[in-house]
Amino acid sequence: MLETFETVAKAVADPSRVRILKLLEGGELCVCQITTVLDLAPATVSKHLAGLKTAGLLQQRREGKWAYYRLAERTLNPYALSFLALVGASLADDPTLAEDRRVLALVNAVPVQVLCDQGRAALGPNAPAVTTCCGGPP
């Protein structure tokens, strides 16, 4: 049981993974949407998503060439839903997460295919500046 707990605890110990979980509180997102908001390499985002899915925190579905993720509604890991509840109840006033929500609103206005082809450039000339998870310059 300790190993199962540890798997989930390690998954939520990374700031980028917490950002992903917070983004998904609003509903299902395509990998390219998550990648654009976080402004990370697709391979990095995929690695984070795989870790969250392995821990039982996410569910995935495919539609054509796109992969969509959402928060797990039920899981085989008995600790996953408790951790999701903790993350959901936390960080309401975090500035990085507030900026992620702002960028997500811009991302949601762009068709997924365009976003997947162009990435952050699809947001146009008013695209948000790139910041680190701490809110400072990269």
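Biologist: What makes residues 131-138 a stretch of low confidence in this predicted model?

Modeller: On pLDDT, the predictor's confidence in each residue from 0 to 100, residues 131-138 stay under 50. The model gives them 9 contacts beyond four places in sequence, a contact being heavy atoms within 4.5 Å. Where pLDDT is low, the predicted coordinates should not be read in detail.

Modeller: Because this is a predicted model, local features need pLDDT of at least 70 and side-chain atom pairs count only at pLDDT 80 or more, while totals for chains, interfaces and linings use all residues. Residues are numbered from 1 along each chain as its sequence is written, and side-chain values use heavy atoms, with hydrogens and water left out.

Biologist: Why are cysteine 32 and cysteine 116 called a disulfide?

Modeller: A disulfide is a pair of cysteine sulfur atoms within 2.5 Å. The sulfur atoms of cysteine 32 and cysteine 116 are 2.3 Å apart, so the pair qualifies. The angle about the S-S bond is -65 degrees, and the link is left-handed.

Biologist: What does the pair tie together?

Modeller: Cysteine 32 belongs to helix H3 (residues 31-38) and cysteine 116 to helix H7, so parts 84 residues apart in sequence are joined. Helices here are DSSP runs of H or I, at least four residues, numbered from the N terminus.

Biologist: How do you know that cysteine 30 is in no disulfide?

Modeller: The nearest cysteine sulfur, that of cysteine 32, is 3.3 Å away, which is not within 2.5 Å.

Biologist: Why is cysteine 30 called buried?

Modeller: Its relative accessible area is 1%, and buried means under 20%, exposed over 50%, partly exposed in between (1.4 Å probe, protein chains only). Cysteine 32, at 10%, is therefore buried also, whereas cysteine 116, at 30%, is partly exposed.

Terms used:
Helices (H or I, at least four residues) and strands (E, at least two) are DSSP runs, numbered from the N terminus.
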